[in-house]
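Morning, everyone. Please pull up the structure on your screens, and keep the sequence beside it.

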Amino acid sequence: MQNQMFSYRGFMLDSVRHFMKPADVRKLIAAARLCGMNVMHWHLTDDQGWRVEIRKYPRLTEIGSVRGRTFFGGVSGTENNSGYYTREDIREIVSFAAENGMEIIPEIELPGHASALLAAYPEAGCRRESELPDAGPWTYAVEVSGGIFPNLICAGKESTLRFMEDILDEVTELFPSRMVHIGGDEALKLHWRRCPDCQKRMREAGLRSEEELQRDLVLRIGAYLAAKGKETIVWNDVLNGGMLPDYFIVQQWMDGEDKIRRFMENGGRVICSETKAYYFDYPYGRIDVRKIWQYPRIPEWAAGYESRLLGIECPLWTERVTNLERAGFLLFPRLAAAGLKAHPGPLSWEDFRESVRETCRQIRDLGLTCAPEEWWDMPADRAEADIRADEDRIYAPEALPYEQKQHRWTVLDREEGRRIREGETKASVLREGDQTLAEICR
Ligand SMILES: [Zn+2]
């Protein structure tokens, strides 16, 4: 809304890639409130872990919450890899948040980012139909590296739908929020293309592509949640399978602006999480406080549909955030800057900075880290260096499961110190079933 404060002012905490203890989550909530936020989107499930206790399916946490080591590029180690929130933890955090004027929206990712779920309950995955004589069932594990994996829940089996509904029953009982996030980003449909159940569902429902099958699944889950009085949020990738009804809320993050715009034209509501402005796991070299100040309050794709833009949300993905200190450094004061963007009316850079400075003082009083002022408005050379340092952390070659030397690709098992396969192209060294390597050939 052009002339009103955004009603949705959120930040997202990824508790999967690195686990944060409940007391620290409460601290972040208190600090986010000081920044003017009123929503915490809680990313609780992903390939690398399952962080919420579900009574009916105890293996989700028994198996899915445990990860021995981590291979997130340059951040490789054993700190805060495992853990989960009990129902009691969640009740306490939700009530603490409510007392502080903060709503918590849980996210249960589907159909992708589901490796931890499938490691615990592989029967929720797809059957495998292949001409290859040695093709057994798909195998799953809690993933130890970052990336996009083809481990999707099956969209063709009714039993999988019931399974997800059971999980969502418990999740909606724990979280009183009127909204539930069901993910939907980065779903690689390799298994769906080979699964007789998924293919059968496509034929029966007249679906022309696996993208449409994802939309079909989302519509079914969304209808289930709507019957419970809940609104469903999805990442904007889901629009690749066609338009969604206006009772869905789409979270924009990257690409697909034309589809998002059409969704708004049809009455849909959108949350802006533009990677260029609000992704706070990105280094300050890319997004400093001044860049947030400069970023248009109403992005171009929303022009003319301001009333359908609920607001903004700032995700903190934690592949490279192992502890509270690092989380504080990345979130603050950028979250304070984002909070100011929620208000209508331009502020001068000086007034903006002064307001951020004041919030920083309060955040430091809570015992949290704030990035010092020299990070707020970085000269080009320092910004460049910061971006390079961050890329070194992401792409640390010694942590990747393959290497490339003079047109020769080798897949490595670095733990065992052995070479698995060699070839002349990336694709030639990959085999079906190299799930942790699937991202390499994309
Ligand atoms: Zn399937």
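Start at Ile 249. It stands opposite Arg 269, which sits in strand E9. This is a predicted model, by the way. Ile 249 belongs to one side of strand E8. E8 runs over residues 248-252 and E9 over 269-272. The two strands pair in the parallel sense, over four bridges. How does the chain get from E8 to E9? It crosses through helix H9, residues 257-265, and this β-α-β crossover is right-handed.

E8 has another partner. Strand E7, residues 231-235, pairs with E8, again in the parallel sense and over four bridges. Find Thr 232 there. It stands opposite Phe 248 in E8.

Now, is E8 mostly covered or open? Mostly covered: five of its five residues are buried. Keep a general point in mind. In a regular strand, side chains alternate between the two faces of the sheet. So look at both faces of E8. One side has Phe 248, Val 250 and Gln 252. The other side has Ile 249 and Gln 251. Both faces are covered.

Next, a helix. Go to H14, residues 349-365. H14 has 17 residues and reaches 24 Å from its first C-alpha to its last. That is close to the 24 Å expected at 1.5 Å a residue. Which residues of H14 are buried? Phe 352, Val 356, Thr 359, Cys 360 and Ile 363. Look down the axis of H14: these buried residues fall within an arc of 115°, so they line one face of the helix. What do they pack against? Three helices: H1 (22-34), H11 (289-294) and H13 (334-341).

Now turn H14 around. The face turned away from the buried side carries exposed residues. These are Glu 350, Asp 351, Glu 354, Glu 358, Arg 361 and Asp 365. Just after H14 comes Gly 367, which takes a positive phi of about 90°.

That brings me to backbone geometry. Most residues other than glycine have a negative phi, and most peptide bonds are trans. Here are four places to check against that.

Asn 80 comes up now. Its phi is near 50°, a positive value in a residue other than glycine. Where is Asn 80? In the loop between helix H2 (59-62) and helix H3 (87-99). Asn 80 is buried, with 20 other C-beta atoms within 10 Å.

Then Glu 186. Its phi is near 45°, also positive, and again the residue is not glycine. Glu 186 lies in the loop between strand E6 (179-181) and helix H6 (190-194). Glu 186 counts as partly exposed, with 15 C-beta neighbours inside 10 Å.

Now the peptide bonds. A cis bond joins Leu 110 and Pro 111, with omega about -5°. Pro 111 is in the loop between strand E5 (103-107) and helix H4 (115-120). Another cis bond runs from Phe 332 to Pro 333, with omega near 10°. Pro 333 is found in the loop between helix H12 (324-331) and H13. You met H13 already: the buried residues of H14 pack against it.

Last, zoom out. How is the protein chain divided into domains? The domain assignment gives domain 1 (8-400) and domain 2 (401-442). The C-alpha centres of domain 1 and domain 2 lie 29 Å apart.

That's my tour. Thanks for listening.

Technical notes: Residues numbered from 1 in each chain as written. Predicted model: local features only at pLDDT ≥ 70, side-chain atom pairs only at ≥ 80, totals over all residues. Expected span 1.5 Å × (residues − 1). Buried ≥ 20, exposed ≤ 12 C-beta atoms within 10 Å, placed from the backbone. Arc of directions from axis to C-beta. Contact = placed C-beta atoms within 7 Å. Domains from an automatic or database assignment. Pairing = 2+ DSSP bridges. Right-handed = clockwise from strand over helix to strand, strands pointing away.
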